Amino acid sequence: MKFKKKIGIGLAVAFCSLALVACGKSSTGTSGTLAAKQVINWNENSELPTMDPSTATDTISFDMLNNTGEGLYRLGKDSKIEPGIAKATKVSNGGMTYTFTLRKNAKWSNGDKLTAKDFVYSWQRTVKPATGSQYAYLFSGIQNADDITAGKKPASSLGIKAEGDYKLVVTLDKKIPYFKLLMGFPSFFPQNQGAVEKYGSKYGTASKYMVYSGPFTMTKWTGSNLSWTLKKNNDYWDKKNVKLSQLNFQVNKSTTTSYNLYQSGKLDETLLGSEQAKQLSSSKEFTPRSEARINYLEFNQTQKNFQNKKIRQAISLAINRTQLVKKILADGSFAAPGIVSKGLASYNGEDFTKAAATSAGITANKTEAKKLWQEGLKELGVNKLSFTLLADDTDAAKNVSEYIQSQLEETLPNAQVSVSNVPFKTRLSKSENGDFEVVLSGWGADFSDPISFLDLFTSDNSYNNGKWKNAQYDKLIAASKAADAGSTSKRWKDMSAASKLLLQDQGVAPLYQQSQATLVKSKVKGVIYNSAGVNYNFKNAYVSK
């Protein structure tokens, strides 16, 4: 998922003997007296890009979709599957057919009943090439999905059909080890065809151009403003278990600003900067949020300069990641173990990061950096190199990008690095359009499987913004998803080898696995936080006296 991009953890799925290990942490309350006013004021550090489930790519959008919508399943504490729109599931045909029985009291916020046809319409819309969904690749393995996204078959041939209003049948053309995890992710949520067609190009661009099926509805979002509100959805099938009447979201890109608002009682949650985290780590309201997210540098390899492997390696080797996480971030983040986050998945008791361990691509060596840089410049026929590092305009991103700038210019002879800090939404757009040289990017796992990271860097993946290409890498990833999908050991080896290959070729430069230091008011209970997939679930949250 894009930087502020995630599904679940700790869920038992049909994945041979692969044990998926949770790295999330939930803050829940199971008892206590409710306050008279059930309103929470929450901080966000970036703007909300979209509410269209077919085109959303980032954590903030997915968090909002998760709380205003619902899929066949809902992801609860530790990403355990909970009942969603589906009240029963039958798996048949050797794991190739899933039949879901939907609850009859589910409906949309406009009064329409929610039926199996809404899932069929949504999935077909997402995989249709004309929609331009960057998440269409997650549907791979569902019958005909690959041919549809390639433009070889019509969307109507997708392996999903409604048998009446309340029975949904999904047919696979290959086993998907993490299929049930996907069903709790917003890209697989239903969509109301009438609303999509009514609002046209405006659909999902503002709160009034949407209808909702989840615990809350959204208001006061214009598409460009920095605040919005979620209100309890009285049409939600399980409204009796929704205690909050309202959540107010406010974007503050400066942690100084958000902390001051928190102190004055205008916010119930705030992110903390590095110095704040150091000072407040002993507070009873201090809440560290470990994430299944790797932040990395991506190089635009359509440009000659960054097609040079030595230039990419030199940039990576020049960055002291330990100093970055301890002195610049100081929020609990740690140097990236690779391109896959630590604690996401394990096999036979071994974490994936150990199975895929290599020092290539993730360590600092200034002497080697200078050597490779000079060799790279010579190969390019130049004696200096200037480029711009693109990054978000949040406090943290500014600090990290400025640190990288100083490291590169201090270490690499005749390197001139400019920094461009832009709004999150702008950075996403520029990255997707290839309008960058080097970009500080990030990805959070959409589900607890290494493929959630590794899939990004295949040649044809829509998220491969740097356009790195390696035929052997593509072959290994393809094998893990097809020929070896039924063998945990073979699939594990495929993914481990692919991870090492990416780093050895410096396809990207992993920097750190992110942790966010936050403060949350002690009166706020029942908020579920998961490190992979969708971060926040407010369905059972409440305010205590």
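In this predicted model, helices α9 and α12 are roughly antiparallel to each other, because angles over 145 degrees count as such and their axes cross at roughly 155°. Helices α16 and α17 likewise pack at an angle of about 155°. Two open sheets, of 4 strands each, are described below, one with mixed pairing and one with antiparallel pairing. A salt bridge between E47 and K253 is also described.

**Helices α9 and α12**

- The axes of α9 (residues 309-317) and α12 (residues 366-380) come within 8 Å, and the crossing of the two helices is left-handed.
- On the α9 side, the contact is formed by K310, I311, Q313, A314, I315 and L317.
- These residues meet a set in α12 that runs from K366 to L380 and includes E368, A369, L372, W373, E375, G376, L377 and E379.
- By residue class, the contact of α9 with α12 comprises 9 nonpolar, 2 polar and 5 charged residues.

**Helices α16 and α17**

- Helix α16 spans residues 471-481 and helix α17 spans residues 488-504, with their axes 8 Å apart.
- The angle between them makes α16 roughly antiparallel to α17, and α16 passes α17 in a left-handed crossing.
- From α16, the residues Q472, Y473, L476, I477, A479 and S480 take part in the contact.
- From α17, the participants are R491, D494, M495, A497, A498, L501 and L502.
- The residues of the contact of α16 with α17 divide into 9 nonpolar, 2 polar and 2 charged.

**The mixed sheet**

- Strands are arranged in the order β1-β10-β9-β8 in this open sheet, whose pairing is mixed.
- Strands β1 (39-44) and β8 (216-219) occupy the edges; each has a single partner strand, so one side of each is left without a neighbour in the sheet.
- From one strand to the next, the twist averages 20°.
- Within the sheet, β9 (residues 227-232) and β10 (residues 246-251) run antiparallel and are joined by 5 bridges.
- The bridge partner of K231 is Q246, which lies in β10.

**The antiparallel sheet and helix α2**

- The second open sheet has the strand order β4-β5-β7-β6, and its pairing is antiparallel.
- Its edge strands are β4 (86-92) and β6 (160-162), each of which pairs on one side only.
- Neighbouring strands are turned by 20° against each other on average, with direction ignored.
- Strand β5 (residues 97-102) pairs with strand β7 (residues 167-171) in the antiparallel sense over 5 bridges.
- T99 has V169 in β7 as its bridge partner.
- Helix α2 (residues 116-127) packs on this sheet and touches β5, β6 and β7.
- The direction of α2 makes about 150° with that of β6.

**Salt bridges**

- Side chains of opposite charge can pair when their charged atoms come close.
- The count of salt bridges comes to 23.
- In one salt bridge, the side chains of E47 and K253 meet at 3.3 Å, N to O.
- E47 lies in the loop between β1 and α1 (59-68), whereas K253 lies in the loop between β10 and α6 (255-263), so the pair ties together parts that are 206 residues apart in sequence.

Technical notes. Residues numbered from 1 in each chain as written. Predicted model: local features only at pLDDT ≥ 70, side-chain atom pairs only at ≥ 80, totals over all residues. Heavy atoms only, no water. Pairing = 2+ DSSP bridges. Axes fitted to C-alpha atoms, helices over the stretch in contact; angles between N-to-C directions. Parallel < 35°, antiparallel > 145°, perpendicular 65-115°, else oblique. Left-handed = near helix turned anticlockwise from the far one by under 90°. Contact = heavy atoms within 4.5 Å. Nonpolar A, V, L, I, M, F, W, Y, C, P; charged D, E, K, R; others polar. Salt bridge = Lys/Arg side-chain N within 4 Å of Asp/Glu carboxyl O.
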